[in-house]
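Please look over the sequence and the three-dimensional structure shown here, and keep both in view while reading the report that follows.

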Amino acid sequence: MDLLNTLVDKGLRRELPTREEALAVLATSDDELLDVVAAAGKVRRHWFGRRVKLNYLVNLKSGLCPEDCSYCSQRLGSSTGILKYTWLKPDEASKAAAAGLAGGAKRVCLVASGRGPTDRDVDRVAGTIKAIKDQNEGVEVCACLGLLSDGQAERLREAGADAYNHNLNTSESTYGDITTTHTYADRVDTVTKAHAAGLSACSGLIAGMGESDEDLVDVVYSLRELDPDSVPVNFLIPVEGTPLAKEWNLTPQRCLRILAMVRFVCPDVEVRIAGGREVHLRTMQPLALNLANSIFLGDYLTTEGQAGKADLEMIADAGFEVEGADQVTLPEHRAAAGSGCGSHESAGCGSHEGGGVCGTTAPATPANEARTDLVAVRRRGAGTDLAPNA
């Protein structure tokens, strides 16, 4: 396909595709899917080889959130039956992080539910960062605490944080449909604050909330403009008890097209398959490693993920290798530009449970079968007495 050849050439040059080209990727047929994956895979391998970066989540404070994000099981008034607990102590968080690091993770993502941290909360997280770094030389730590106030990003950087995550989630035009307690502009402001403080910015999206192809392209182009080092791609986990519990709009093929589009628009950025990969990609997960160079190991914030051992076997069986602690994730030109771990990751650390050509609307993607059997509330790890999945 001329389209794919063009997109590969642009990806190797870090040139931005046109919106029409990005929409055309999402509009390709299932017969063309392997060609799309192969093309985006060339761009992924050019910038990241066959390395897969492993990240591990520690949910420092679960549930009890005053925000009303429709996709989130920790939202205001949630009836999802998730674990609910207040702040973990630094030694508890460090112990939880150690399990993921032992499994091969090189980044720990510290997440806390809520609108945003108080200054006292920042002090708490600073103590946790110190505890983790004192016991694990070379580990990367990403904080994900919600909306930041002035000066808080700088304090996190001084405390040893390498990165900060705050996702845009969806397009600006539809943001008000999923959240009313804060704005899209609030999220952009927090990513900007993190970046300005010298933290490696991490910001991504959630697919599967009923958005159009145009919405997906809009949010990915907005992310490209913000220039984060990491772009987590979440696939909505329709948790019972949330307003989006009936939104089963994704197929494995749709997920692969979305990942390919993100790779073409953000060719030299760490693209991470985040929440929902097990639910929506299912047996196609290994194919997605040709598009993304980063995943979460083990469980998510409030739902269970694939067994850590199975993740490692999947990576090896697909012909990829786990990125080592001594390897630099980002391409040299980004890493050398230098804020935190690189140049310009609601709480979620990129892991919330969470078109046609020329701007025309693509044919509707057939609704995915509801696989509620694949959605399990997390009952192990942080906040419990049971060993974590790592």
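A residue is called buried when its relative accessible area is under 20%, and exposed when that value is over 50%. With this cut-off in hand, one can read helix H4, whose buried residues are Ala93, Ser94, Ala96, Ala97, Gly100 and Leu101. These residues cover an arc of only 165° around the axis, which puts them on the same side of H4. On the other side of H4 one finds Asp91, Lys95 and Ala102, which are exposed. A general rule helps in reading such a pattern: an α-helix has 3.6 residues a turn, so residues three or four places apart point the same way. The cover over the buried residues of H4 includes S1, strand S2 (107-112) and helix H5 (119-135). After H4 comes Gly104, whose phi is positive, near 115°.

**How far the model can be trusted**

The structure is a predicted model, and its protein chain has an average pLDDT of 90, with 92% of the residues scoring at least 70. Over residues 339-365, however, pLDDT stays under 50, although the model has 133 contacts beyond four places in sequence for them. Where pLDDT is low, the predicted coordinates should not be read in detail.

**Two helices and their spans**

Helix H4 has 13 residues and reaches 18 Å from its first C-alpha to its last, close to the 18 Å expected at 1.5 Å a residue. For helix H8 (residues 184-196), the 13 residues should span 18 Å at 1.5 Å a residue, and the end C-alpha atoms are 19 Å apart, which agrees. The buried residues of H8 are Tyr184, Arg187, Thr190, Val191, Lys193, Ala194 and His195, and they pack against helix H6 (152-158), S4, H7, strand S5 (200-202) and helix H9 (213-226). Just after H8, Gly198 takes a positive phi of about 90°.

**Positive phi outside glycine**

Two residues that are not glycines also have a positive phi, Leu64 and Asn169. The table sets out where they lie and how accessible they are.

| Residue | Phi | Loop | Relative accessibility |
|---|---|---|---|
| Leu64 | about 60° | between strand S1 (51-61) and helix H4 (90-102) | 61%, exposed |
| Asn169 | about 75° | between strand S4 (163-165) and helix H7 (175-178) | 1%, buried |

Leu64 counts as exposed because its relative accessibility is 61%, whereas Asn169 counts as buried because its relative accessibility is 1%.

**The nonpolar cores**

In soluble globular proteins, nonpolar side chains tend to be buried together. Which residues touch the most other members of the largest nonpolar core? Of the 100 residues in this core, they are Val58 and Leu156. The largest share of this core, nine residues, comes from helix H10 (residues 252-265). Leaving aside its neighbours within four places in sequence, Val58 is in contact with Leu88, Ala93, Ala96, Ala97, Val108, Cys109, Leu110 and Val111. Apart from the largest core lies another core, of 10 residues, among them Cys109, Ala163, Phe296 and Tyr300.

Phe296, a member of that other core, has its place in strand S9 (residues 294-296). Because its relative accessibility is 0%, Phe296 counts as buried. Phe296 and Ala38 are 258 residues apart in sequence, and their C-alpha atoms are 23 Å apart in space.

Val279, which lies in helix H11 (residues 277-280), counts as buried because its relative accessibility is 4%. Not counting residues up to four places away in sequence, Val279 touches Trp248, Leu374 and Val375. The C-alpha atoms of Val279 and Glu313, which are 34 residues apart along the chain, are separated by 18 Å.

**The cysteines**

A disulfide is a covalent bond between the sulfur atoms of two cysteines. How many disulfides does the model have, if a pair of cysteine sulfur atoms must lie within 2.5 Å? By this rule the count comes to zero. Cys202 is in no disulfide, and the nearest cysteine sulfur, that of Cys142, is 5.2 Å away. Cys202 is buried, with a relative accessible area of 1%, and Cys109 is buried as well, with a relative accessible area of 0%.

How values were computed. Residues numbered from 1 in each chain as written. Predicted model: local features only at pLDDT ≥ 70, side-chain atom pairs only at ≥ 80, totals over all residues. Heavy atoms only, no water. Helix = DSSP H or I, 4+ residues; strand = E, 2+ residues; numbered from the N terminus. Buried < 20%, exposed > 50% of the residue type's maximum accessible area, 1.4 Å probe, protein only. Disulfide = S-S within 2.5 Å. Expected span 1.5 Å × (residues − 1). Arc of directions from axis to C-beta. Contact = heavy atoms within 4.5 Å. pLDDT = per-residue confidence, 0-100. Core = buried A, V, L, I, M, F, W, Y, C linked by side-chain atoms within 4.5 Å.
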